[in-house]
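Please read the following points with the model open beside you. They are meant as a colleague's careful notes, taken one topic at a time.

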Amino acid sequence: MKKNNIIVTDFRDSLFVSKKYEKYTVEEADGILTVFGSGRIIEDKFRGPDKQILVSLMNLADDLMAEAKRYEAINSGHDKKSFTCSCVPTIDGIIKHDHGALLNWMGHDEACQKLILSWCDKYGLPVEEARPGSGFELEPFLCQLFKLNKNFNEWINDPPESKTFKYVMSGRLIYDIDIIDGVPEMTIVFPSVLDLARLQLSLTMCNPSDSETVIQCQVCSRWFVGNSRMKYCGDPCNKMTAYRKRKKEEEADQGVKA
């Protein structure tokens, strides 16, 4: 890839530098929900080929949608006007006309907040802070998360036959160039973990059968990174748990027929 005299041939040194705080909270100020970190700060680095960031975000999106659908199922018999989230949640719905109400509901829902803060506990803040302690606005993050999830699901459900893939980055990149043994080495630093995840999705789409591809576990349905021949995440899913799951489903089907 060549543009403006910059040649990028290897994404091993693409990374996002995350800040991890001891504690995270969701607070509302002037009508804006924000996630703040407090306490001691440590830094962690997540690199381009390590697709754990991508799968962690896809699992977070799936968990949030499952929580929204559970809420809708519980309250489906009530007057929907009394609820902030008044429709069956879908990815397209989030991105189109009714996304605001659903994202607002997710931001205020205690169970959804717990899922988001649990992700932050493991991976840190998903964006660079404008200043220390400024946190990040929750709803824009959720909107971008579900847009990425939509692209991910489109690729999973209908992989493109063409090997050509155009990856367009919007935002800010930091080119960190060091001279090592007389040779310039460049590191691309992303300002958002979502930007790094988009790159990781692009790399997966370009080479879906490599040793570090994205796979959905056949037992728990969560995404993980592994060899393309793998079927189970191994934590704790394996061949035995898959067998037990099939037996349980068969017994349940027989009970319904009886």
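Which residue takes a positive phi in the hairpin of β3 and β4?

1. In that hairpin, which has 2 residues between the strands, the residue is Asp 30, with a phi near 55°. Please keep in mind that this is a predicted model, in which local features need pLDDT of at least 70 and side-chain atom pairs pLDDT 80 or more, while totals for chains, interfaces and linings use all residues. Residues are numbered from 1 along each chain as its sequence is written, and side-chain values use heavy atoms, with hydrogens and water left out.

2. Strand β3 (residues 14-29) and strand β4 (residues 32-47) run antiparallel and are joined by 14 bridges, where pairing requires that DSSP find at least two bridges between the strands. Tyr 21 has Ile 41 in β4 as its bridge partner. Strands are DSSP runs of E with at least two residues, and helices are runs of H or I with at least four, both numbered from the N terminus.

3. In helix α4 (residues 110-123), the buried residues (under 20% relative accessible area, 1.4 Å probe, protein chains only) are Cys 112, Gln 113, Ile 116, Leu 117, Trp 119, Cys 120 and Tyr 123. They cover an arc of only 150° around the axis, which puts them on the same side of α4; the arc is that of the directions from the helix axis to the C-beta atoms. The face turned away from this buried side carries Glu 110, Lys 114, Asp 121 and Lys 122, which are exposed (over 50%).

4. After α4 comes Gly 124, whose phi is positive, near 90°.
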